[in-house]
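Work through the exercises below with the model open. Each task is followed by a stepwise solution.

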Amino acid sequence: MSDVHTPAAEVLRAEGLRRTYRDGSRDLTVLKDVSLQLQGGESLSIVGPSGSGKSTLLGLLAGLDRPSAGEVWIAGCALGSMGAGELAAHRGRYVGFVFQSYRLFPYATALDNVCIPLELRRGLSRVELRQRAEAALESVGLGARLGHRPAQLSGGEQQRVAIARALVTRPALILADEPTGNLDAASGAVVEKLLWSSCREMGVGLVLVTHDIHLAERADRVLSLSDGEVVGLRAGQPA
């Protein structure tokens, strides 16, 4: 899995994001005028107390939800101008996801789980598809576990499968939601190192939502939310 993105290229931009929900007879604004920008190879962590708007922001950045105001661009394309099908295709091409709960298919092998996002691509033969998935698993140290199902893998190994699945499409952007939240300290450290090194080597932008301050500090920048508003943006301490 070689570099495919130019680190200097902008992979994500958001301007004036606002999200308001109808709550009975009143409007409830959970995100207020958030703007951010990310280059390839850069990382941004999003921190804040529960209810501060972190998950809402991540959903808007992913195009899984529509903002009430503002716009998101991924790989130079405005998400707001896309219909549902076009948006899903764009997200599948340019965005990889890593979740706290892994979200692997339980009856599929590690190899088959990593193949799934590639199967949505046209132009790849079955042989090419499996070769790319095998290479992705080898890059996260699981070349000997291709045929294992999730129940046969540790939590750390399952998360490494999830990282391989996120990176196998060679996206421009990885969105990670508490990626070490279900792991013990040793497994979390392995996943943490792997996630950062893979993104930097491939020139992929990384946005990370976490309650773990140590993990957040590894990002190039740390964005703090409170009550849906940005209350701080500072440099992190990347390794």
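**Exercise 1: the largest pocket**

The largest pocket holds about 680 Å³ of space, a volume being the space filled by probe spheres set on grid points joined across faces, edges and corners. A pocket is an open set of points on a 1 Å grid over the protein atoms alone, where a 1.4 Å probe fits, with protein on both sides within 12 Å along at least five of seven lines; lining residues have an atom within 4 Å of a point. This is a predicted model, in which local features need pLDDT of at least 70 and side-chain atom pairs pLDDT 80 or more, while totals for chains, interfaces and linings use all residues. Residues are numbered from 1 along each chain as its sequence is written, and side-chain values use heavy atoms, without hydrogens and water.

Task: find which residues lie nearest the centre of the pocket, and which element gives the most to its lining.

Solution. Step 1: of 25 lining residues, Arg91, Gly92, Val95, Phe97 and Pro117 lie nearest the centre. Step 2: helix 2 gives the most, five residues; helices (H or I, at least four residues) and strands (E, at least two) are DSSP runs numbered from the N terminus.

**Exercise 2: the sheet**

Task: give the strand order of the open sheet and name its edge strands.

Solution. Step 1: six strands run in the order 6-7-8-3-9-10, with mixed pairing; a pair needs at least two DSSP bridges. Step 2: strand 6 (95-99) and strand 10 (229-235) are the edges, each pairing on one side only. Step 3: strands 7 and 8 pair in the parallel sense over five bridges, and Asp177 stands opposite Val209 in strand 8.
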